[in-house]
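Please find below a short note for a colleague beginning the study of protein structure. It is best read with the model open alongside.

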Amino acid sequence: MTAPATTAAVRRRITVRGTVQGVGFRPYVHRLAAELALTGFVGNTASGVLIEVEGAAAGVARFCERLAGEPPPLATVTAVRVEEVPVTGADPGFTIRATEQSAPGRTLLPPDTATCPECLRELADPADRRHRHPFITCTHCGPRFTIATGMPYDRAVTTMSGFPMCPGCADEYDAPADRRFHAQPVACRQCGPRLRLVPAAGSGVRAARDGDALSRARELLAAGRIVAVKGIGGYHLACDASDARAVDTLRARKARGDKPFAVMCADLGEAERIAEIGTAERAALTSPRRPIVLLRPRPAARLAPGVCPGSPHLGVLLPYTPVHTLLLGLPGDPPGPRVLVMTSGNRSGEPIVTDDDEAQTRLFGLADAWLAHDRPIASPCDDSLLRVRADGTEQVLRRSRGYAPRPLRLPVPVRPALAVGGDLKNALCVGEGDLAWFGPHIGDMGDLATLEAAVRAERHVYRLTGVRPELVAADRHPGYHSAAWARRRATRLALGKPVFVQHHHAHIASAMAEAGLDGTTPVIGVAFDGTGYGDDATVWGGELLVADYTGYRRLAHLAPAPLPGGDAGVANPCRTALARLWAAGLPWDPDLPSVAACTREELRLLARQLPNQVGCVATSSMGRLFDAVSSLAGVCHRAGYEAQAALELEAQACAAWGEETAGYLFGDRFDPAPALRAIIADLRRGTPVPVIAARFHRGVARAVLDLCHGARRATGLTTVALTGGVFANALLEDASTDLLRGAGFTVLRHGEVPPNDGGLALGQLMVAAHGRRPDSDRQRPDSDPTTTRRRPDDDRRRAVSDETE
């Protein structure tokens, strides 16, 4: 008698694509097939995961349904292709096959992930064989991006390849029911990496290994010493965040000025004791990404004053590696610091250190000891940083660990390309087809070490993505180190000249791409930042552009003022304030804080420089206007780090934000002179500085609305992109968004892609890809929103510059 059709054997070949390697996907498939009594095999390929499954038709159908709908926690399935193949009846069961090394294609590797709850329970369990094991991990957590040296992802192409598994780990690795089944970083105290404490010469610290190394490191931190701690993506410099002397010592050794430190709390309860944490902030802090989250510090927080002086926010993160958890202490451990300063292990302006020997050289004089381990780091990866908006959405300000190398889906396909970003907050981006991959945060491209880090990041991204660029894109600024590097990379890859993209056009294109816009309709782009090379060879930064991916038109901009000393003058907001007063025709009265802050020599020099425009460059930068107002209000006259003056002005504004205060008015053509006059009048009538700061923020937001009203009347466009580093200012971005939405605009704001120069490369990628299309005549947005064709006289403002070196 013939069996019913539902029980007849069938066989299916299934190709799964997405983030399906390094996440326990093959063990998951194995368990699912066993549960449904199916035979066949599963294996990694260069394209993803290949499965052949055979059994009863109903079971195979259920298998296919659950495959995409119930993936492991870290997996992301983007495509499932199912083909019918002949039944073989030859499989004795369901097996995991060796990885195919030669097949063409691409798969996606997950980011590094914080220690999962199951591993944390084992870490604290005296009965578990991995009790206090500092490298505990499983298929649901641990390093991926920073240990991978190639693809497809297997132990042989990770930095764990030098640690042969002991019999116990090998049994777990081969046991389908085990959580560590085919977990590539699996290890234990017997076979895995080992910790060691290396003392600095003359520190009086004793060397130690393994558990003793951790115990001694905790003792050092409790005694006010500074320890360099090797994590997943590099070294941190750590000290007790409640110890004022230790914090001040670290700040002095690192020459950090007043730049805020991030702190790592032992647990969520500890974080809630020092900062205000809402539901969305809690979710961000405890997510597998474990970023640094900017929070409002509690007034009674027992932190050293030097942790975040003058800042409205405190950067907080929770432990994301077993080493961190053990360093902060398990229940029953001797008392020790529960909140640690945890700052990047580098000297100011340099990339994070990853190599052990290099750490003892580059961090010499900064640390009293190094808590190191012998697992190599394949790619540096600094901590990510984000803030949570009032509406609960996240704005990533530094996209690195926990995000890289997770791809971004592009709204339109691009040719294989490399975009190198800018000189500040550098992060490169490669793209092909409908995917783009950011590399990790690199930093400021000001020295050889950073350029070398950029080269390593580029090579690592190529290894993991398989992208082979056909073009290179960079910022148009002729003096940028990143642009020079792009020229060298384009020459090395035999790709001709790079595609040079205007800075603010790239910012707007980045926001458009993240929002999923295909570019068929331009947007109104409000790009506010500190520095961007303009078409007229001046410094832009307070821009209103109409833009799409093919081009842009400058509709309006902040009225320019001289920037004395150029980029070198940025460190002196008091000078910037005097230049703004001069441009507005306002006198340098001695009672003004910015005038009083300048030396007599500075006043004499500026009085000669500004009228004659000697050593000055014109700037429309909104970032520099924030600096000027910060000094004019008496908040910050000398900046020790980027955006210090603006950050401290925001902190002042926060204190008065709840008050009903009208914003200062800007004049015609986006002229700040009326606002400056009003600030001076408020100063002289004794208005509190927080009120002045709040009125200035509200005035800028109102000016944004007025500019967009004008753009809508001129173009008919109703979508506004807010972008550039100034919109990392929470008060300004929220106020501008509320006003624009209230007036009927659709507002694009950055989320996972930073609004600052850390997101610049994505925009460069999109503009370059469109500007080099063979069927394109480099169209650009015109005043008529129904057409974007470029006029013959528009070459000076074209989207993509082909100027020679």
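The numbered points below treat cavities, one helix, aromatic rings, backbone geometry and some pairs of residues.

1. Status of the model. The structure is a predicted model, and the values discussed here are to be read with that in mind.

2. Cavities. How many cavities of 30 Å³ or more does the structure hold? There are six of them. The largest cavity contains about 140 Å³ of space. Its lining is made up of 18 residues. Those that lie nearest the centre of this cavity are Pro134, Ile232, Thr321, Pro322 and Arg375. By character, the lining of the largest cavity comprises nine nonpolar, seven polar and two charged residues. As general background, empty space left between atoms is revealed by rolling a probe the size of a water molecule over them.

3. Helix H4. This helix covers residues 167-174, and Cys169, Glu172 and Tyr173 are buried in it. When H4 is viewed down its axis, the buried residues fall within an arc of 100°, and they therefore line one face of the helix. Which residues are exposed on the other side of H4? They are Pro167, Asp171 and Asp174. The student may wish to look along the axis of H4 in the model, with the buried face and the exposed residues on the other side in view.

4. Aromatic pairs. The structure contains five aromatic pairs. Phe528, Phe666, Phe670 and Phe727 are joined by ring pairs into a cluster. In general, two quantities describe a pair of aromatic rings: the distance of the centres and the angle of the planes.

5. Arginines over rings. Two arginines deserve a separate remark. Arginine 401 is placed over the face of tyrosine 320, and its distance from the ring centre is 3.5 Å. Arginine 698 lies over the face of tryptophan 657, at 3.9 Å from the ring centre.

6. A cis peptide bond. Most peptide bonds are trans, and most residues other than glycine have a negative phi. Against this background, the bond that runs from alanine 404 to proline 405 should be noted, for it is cis, with omega near 5°. Where does proline 405 lie? Its place is the loop between strand E17 (394-398) and strand E18 (408-419).

7. Positive phi at alanine 643. Although alanine 643 is a residue other than glycine, its phi is positive, near 70°. The residue belongs to the loop between helix H17 (622-632) and helix H18 (644-656). Is alanine 643 buried or partly exposed? Its relative accessibility is 39%, so it counts as partly exposed. Glutamate 642 is found in the loop between H17 and H18 as well. With a relative accessible area of 46%, glutamate 642 is also partly exposed.

8. Positive phi at phenylalanine 670. Phenylalanine 670 is not a glycine, yet its phi is positive, at about 55°. It sits in the loop between H18 and helix H19 (673-684). At 4% relative accessibility, this phenylalanine counts as buried, because buried means under 20%. The ring of Phe670 also takes part in the cluster with Phe528, Phe666 and Phe727.

9. Sequence separation and spatial distance. The following pairs set distance along the chain beside distance in space. Leucine 314, in strand E13 (residues 314-317), is buried at 0% relative accessibility. Its C-alpha atom is separated by 7.9 Å from that of phenylalanine 261, with their positions 53 residues apart along the chain. Proline 376 lies in the loop between strand E15 (369-373) and strand E16 (385-388), and its relative accessible area of 42% makes it partly exposed. Proline 376 and threonine 146 are 230 residues apart along the chain, while their C-alpha atoms are separated by 8.9 Å.

10. Two further pairs. Threonine 465 is located in helix H11 (residues 448-465) and counts as buried at 5% relative accessibility. Threonine 465 and alanine 494 are 29 residues apart in sequence, and the distance in space is 20 Å, C-alpha to C-alpha. What separates glutamate 642 from proline 176 in sequence and in space? The two are 466 residues apart in sequence and 52 Å apart in space, C-alpha to C-alpha.

Notes:
Residues are numbered from 1 along each chain as its sequence is written. This is a predicted model: local features need pLDDT of at least 70, side-chain atom pairs count only at pLDDT 80 or more; totals for chains, interfaces and linings use all residues. Side-chain values use heavy atoms; hydrogens and water are left out. On a 1 Å grid over the protein atoms alone, a cavity is a set of points where a 1.4 Å probe fits but cannot get out, and a pocket is an open set with protein on both sides within 12 Å along at least five of seven lines; lining residues have an atom within 4 Å of a point. Grid points are joined across faces, edges and corners, and a volume is the space filled by probe spheres set on the points. Ala, Val, Leu, Ile, Met, Phe, Trp, Tyr, Cys and Pro count as nonpolar, Asp, Glu, Lys and Arg as charged, and the others, Gly among them, as polar. Buried means under 20% relative accessible area, exposed over 50%, partly exposed in between (1.4 Å probe, protein chains only). Helices (H or I, at least four residues) and strands (E, at least two) are DSSP runs, numbered from the N terminus. The arc is that of the directions from the helix axis to the C-beta atoms. Rings of Phe, Tyr and Trp (its six-membered ring) pair if their centres lie within 6.5 Å; planes under 30 degrees apart count as stacked, over 60 as edge-to-face and the rest as tilted. A charge sits over a ring if NZ of Lys or CZ of Arg is within 6 Å of the ring centre and within 35 degrees of the ring normal.
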